[in-house]
Amino acid sequence: MSFELSLALRNLGRRKLRTGLTVSGIVVGITLMFVLMSLISTMDVQSRRMIRALGGADITVSNSTRMGRFGFEGFLMTTITMDQSIMNIIKDIAGVYAVSPQLSLNGFVNGNRCSLNGIDPETYYIVVGDLNIVSGRTLSRDDNYRIVLGRTLADNAGIGVGQTVTVGMNSTSGYRFTVIGIFETGMPFQEMVGYILLSDAQAISNQEGLVTQILVKCIDPNDVSTITEKISNMIPGVRVTVPTGTVQQASQMLNTLTMFFATIGLVALVAGSFGVVNTMVMSVSERTREIGTLKAIGAKNIEILKIFLTEALLIGLLGGLIGVGAGIALSYLFPYLSQFIGFIPTGGTPFGRMGPGLRGASTITLTPTLDPLIIFFCLSLGILVGVLAGLYPAWRASRMKPVEALRHV
């Protein structure tokens, strides 16, 4: 053990109460910083799951080689198709969470004009979310020649669950489908739609291997712009659109909360650092004669500086360790506190509930996320604050003249 370290430990030990009070200032700041950062990290994980569940597809890829013909009544149902194999390219792009193909058609159900969406249920529910089924059930991958109808379409055609309907590309002929479910959206124009399997949609429209849209969900909403640019560069002739509203707003809100909490933590830490400065200045004042004696027997300025900086470093290290420990303990209390606070409802997609893999993301539980980087950051911050706060008192002690210091009473 070096001379500076042993002397610093002895001096801190001689003034246990003062050392404890000084360390407590660092502890409060580090604890607050750790808990807030842990909370932000938890919210970040939960929010990204929510955004994936609530926002529908982050990116929609369609054919841009020529203008699409829009469907009736304002539906954006273009009949322009593209090769389904494009989704394999998109799937391999880093940051893509899920990809779902869709073939949108202008068709007929029992002679009633409507839009037909051919989907792959497994990937569609992950990317967009489940349909809000009010009667019957939703589609599964084995539901060939079965259809789920919108409430408005079903009411207009007088169709119920279990009935057989004719689905085709014209009003006079088609294929026989069984109605297995009715869904609602609350918006009548969105309920003039029938959902069938993608393979069925391709079969009745003679468009094998073709789709009209590829829906993309990103792992991180902040990467939407990057992935959009990659898709545009890698696949010529496609139009890439981004429903920016929900994704960007949620990301901005999270960034704002991060800055807000970080500011609160820093303010607490700065307040704690004043306690270190005050303690070190008092220590220098009380030990003036001791400093004079050390210099009289040959101690150099740099050695005096090291002694007081070591004390400040130990205070910061101790405060950081206790603060991180207290922060971890408080972070683990949040799940129990959340049981009293309750859950925060988040609702569902415009088309209903979450996808199978995302059910449960509709609530936020305050489960702690202990990131090693947060632990390292808070510990380093405690040490840094201690050293910075001790710089001036240490410099002041090292600049004392031996004769004047020895005359100090």
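User: What makes strand 1 and strand 12 a pair, and which way do they run?
Analyst: This is a predicted model. In it, 4 bridges join strand 1 (residues 59-63) to strand 12, and the two run antiparallel. Pairing needs at least two bridges. With 4, the strands qualify as a pair. One of the partnerships sets threonine 60 opposite threonine 241 of strand 12.

User: How do you know that strand 12 has a covered and an uncovered face?
Analyst: Look at residues 238-241. Val238 and Val240 make up the covered face, while Arg239 and Thr241 make up the uncovered one. In a regular strand, side chains alternate between the two faces of the sheet. Thr241, the bridge partner of threonine 60, is on the uncovered face.

User: Why is the contact between glutamate 122 and arginine 141 called a salt bridge?
Analyst: The N to O distance between their side chains is 3.3 Å. The cut-off is within 4 Å. The pair therefore counts as a salt bridge. Glutamate 122 sits in helix 4 (residues 121-127), and arginine 141 in the loop between strand 5 (133-136) and strand 6 (146-150), so the pair ties together parts that are 19 residues apart in sequence.

User: Are glutamate 122 and arginine 141 buried or exposed, and how do you know?
Analyst: They fall into separate classes. Glutamate 122 has 43% relative accessibility and counts as partly exposed. Arginine 141 has 56%. Exposed means over 50%, so arginine 141 is exposed.

User: What makes arginine 146 and aspartate 143 a salt bridge?
Analyst: Their closest N and O atoms are 3.8 Å apart. The limit is within 4 Å, so the pair passes. The partners also belong to a network of salt bridges that links Arg137, Asp143 and Arg146.

User: Why is aspartate 143 called buried or exposed, and what about arginine 146?
Analyst: Aspartate 143 has a relative accessible area of 3%. Buried means under 20%, so aspartate 143 is buried. Arginine 146 comes to 31%, so it counts as partly exposed.

User: Where do the partners glutamate 184 and arginine 151 lie, and what makes them a salt bridge?
Analyst: Their closest N and O atoms are 3.2 Å apart, within the 4 Å limit. The pair links distant parts of the chain. Glutamate 184 lies in the loop between strand 8 (175-183) and strand 9 (193-197), and arginine 151 in helix 5 (residues 151-157), 33 residues apart. Glutamate 184 is partly exposed at 29%. Arginine 151 is partly exposed too, at 27%.

User: How many salt bridges does a search of the whole structure find?
Analyst: The search finds 5.

User: What makes the phi of tyrosine 145 and of asparagine 206 worth a remark?
Analyst: Most residues other than glycine have a negative phi. Tyrosine 145 has a positive phi, near 55°. Asparagine 206 also has a positive phi, near 55°. Tyrosine 145 lies in the loop between strand 5 and strand 6, and asparagine 206 in the loop between helix 6 (198-204) and strand 10 (210-211). Tyrosine 145 is partly exposed at 33%. Asparagine 206 is exposed, because its 68% is over 50%.

User: Why is glutamine 202 called buried or exposed, and what does it touch?
Analyst: Glutamine 202 is in helix 6. Its relative accessibility is 6%, under the 20% cut-off, so it counts as buried. Leaving out residues up to four places away in sequence, glutamine 202 touches Gln84, Leu103, Gln207, Glu208, Gly209, Leu210 and Val211.

User: What makes Leu32, Phe260 and Ile264 a patch?
Analyst: They form a nonpolar patch on the surface, with about 240 Å² of accessible area together. A patch residue needs over 30% relative accessible area. Leucine 32 has 31%, so it clears that bar and is partly exposed. Leucine 32 lies in helix 2 (residues 16-54).

User: How many disulfides does the structure hold?
Analyst: It holds 0. Cysteine 114 is buried at 0% relative accessibility. Cysteine 378 is buried as well, also at 0%.

User: How many of the contacts join residues at least 24 apart, and how many residues count as buried?
Analyst: Among contacts between residues at least 6 apart in sequence, 80% join residues at least 24 apart. Of the 409 residues, 47% count as buried.

Methods
Residues are numbered from 1 along each chain as its sequence is written. This is a predicted model: local features need pLDDT of at least 70, side-chain atom pairs count only at pLDDT 80 or more; totals for chains, interfaces and linings use all residues. Side-chain values use heavy atoms; hydrogens and water are left out. Patches are made of residues with over 30% relative accessible area and no salt bridge: like charges are joined within 9 Å, nonpolar side chains (Val, Leu, Ile, Met, Phe, Trp, Tyr) within 5 Å. Accessible areas come from the Shrake-Rupley method with a 1.4 Å probe; for residues, only the protein chains shown count as cover. Buried means under 20% relative accessible area, exposed over 50%, partly exposed in between (1.4 Å probe, protein chains only). Contact means heavy atoms within 4.5 Å. A disulfide is a pair of cysteine sulfur atoms within 2.5 Å.
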